[in-house]
Amino acid sequence: MNAPTGPEWVVREDAGLAVLVALYLRQVLGLRFPDELPLLRGAPAQDAPEFERDPELDRQWRAFWDMTVEPQAHPSPIPLDLVDGFEMLIALPTEGFEQLHAAILPHGPEAVAYARAAYARYQASAGTASSYRGYASAIAQHERRVGRRAHSFELNVQVLPLTQRGVWWIGALTVAVTDGLRGDVAAFDSAIAPVIADLA
């Protein structure tokens, strides 16, 4: 067995259907967490958050968000069950998530349709070779700047149709990037550089 010859980095880019569904639900329910993340384009928004002052629903939402964005880092200690209307995209723990289950249940078909349309747009605009080159370029620039090889790291990138351009941390190893920014090579290189610097 050959040992690795140097640091290794892994970048996974996606427009995850489950993440898109979760953000759609966040928006239609008027939930805020993650607070700094902008709204989705083209999805309805709750003007007056009816659930905002419910600390139990907020707790359930935050746990669900963590399990959705980084499921391997946030496994559920209790079995999960699929939620009707969300195909295979949403599963909640069978206990302790009753309020969230009741709140999201009416929104399944619309949330899934929105997520599938957004994912199709991502697929139409994403090219695996150019995606790889974008990250390789940012890592090479970081290495030149610091004068050493990049440390080994993992990064998950969710490319999302958000209303503002930018990059936001949404998990310990996960960032959200606006789709428009991801498509702008020069702007993306500048925006992803601080993220690479944090990890590498």
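Over the face of which ring does R59 lie, and at what distance from the ring centre? In this predicted model, R59 lies over the face of F97, at 5.7 Å from the ring centre. A further arrangement of this kind involves R182, whose charged end sits over the ring of F188, 4.1 Å from its centre.

The protein chain comprises seven helices and six strands, and from the N terminus on these elements follow the order β-α-α-β-β-α-α-α-β-β-β-α-α. Of its 200 residues, 42% count as buried, and the chain exposes about 10500 Å², of which carbon and sulfur atoms supply 54%. When contacts between residues at least 6 apart in sequence are considered, 60% of them join residues at least 24 apart.

R182 also takes part in a polar arrangement centred on E13, a residue placed in strand β1 (residues 9-14). The side chains of E13 and R182 are joined by a polar contact of 2.7 Å, and a polar contact of 3.0 Å joins the side chain of E13 to that of Y122. With a relative accessible area of 19%, E13 is buried, because the value falls under the 20% cut-off.

Strand β1 also contributes to the salt bridges, of which the count comes to seven. One of them is formed by R12 and E154, with the closest N and O atoms 3.2 Å apart; because R12 lies in strand β1 and E154 in strand β4 (residues 153-160), the pair ties together parts that are 142 residues apart in sequence. Both partners are partly exposed, R12 at 41% relative accessibility and E154 at 38%.

Another salt bridge joins D179 to R41, the closest N and O atoms being 2.7 Å apart. D179 lies in helix α6 (residues 179-182), whereas R41 lies in the loop between α1 and α2 (55-69), so this pair ties together parts that are 138 residues apart in sequence. The relative accessible area is 27% for D179, which is partly exposed, and 36% for R41, which is likewise partly exposed.

Within helix α2, R62 and D58 are four residues apart and therefore separated by about one helical turn. These two residues form a salt bridge in which the closest N and O atoms are 2.9 Å apart. R62 counts as partly exposed at 32% relative accessibility, and D58 counts as partly exposed at 25%.

Aromatic rings provide a further set of contacts, and a search of the whole structure finds four aromatic pairs. In one of these, the rings of Y24 and Y114 have their centres 5.6 Å apart and their planes at 45°, so the pair is tilted. Distant parts of the chain are linked by this pair, since Y24 belongs to helix α1 (residues 17-29) and Y114 to helix α4 (residues 108-125), 90 residues apart. Y24 counts as buried at 6% relative accessibility, as does Y114 at 11%. Elsewhere, ring pairs link W61, F64 and W65 into a cluster.

Terms used: Residues numbered from 1 in each chain as written. Predicted model: local features only at pLDDT ≥ 70, side-chain atom pairs only at ≥ 80, totals over all residues. Heavy atoms only, no water. Helix = DSSP H or I, 4+ residues; strand = E, 2+ residues; numbered from the N terminus. Buried < 20%, exposed > 50% of the residue type's maximum accessible area, 1.4 Å probe, protein only. Polar contact = N/O pair within 3.5 Å; in protein donor to acceptor, adjacent residues only side chain to side chain. Contact = heavy atoms within 4.5 Å. Areas by Shrake-Rupley, 256 points an atom, 1.4 Å probe, with all protein chains shown as cover. Phe/Tyr/Trp six-rings, centres within 6.5 Å; stacked < 30°, edge-to-face > 60°. Lys NZ or Arg CZ within 6 Å of the ring centre and 35° of its normal. Salt bridge = Lys/Arg side-chain N within 4 Å of Asp/Glu carboxyl O.
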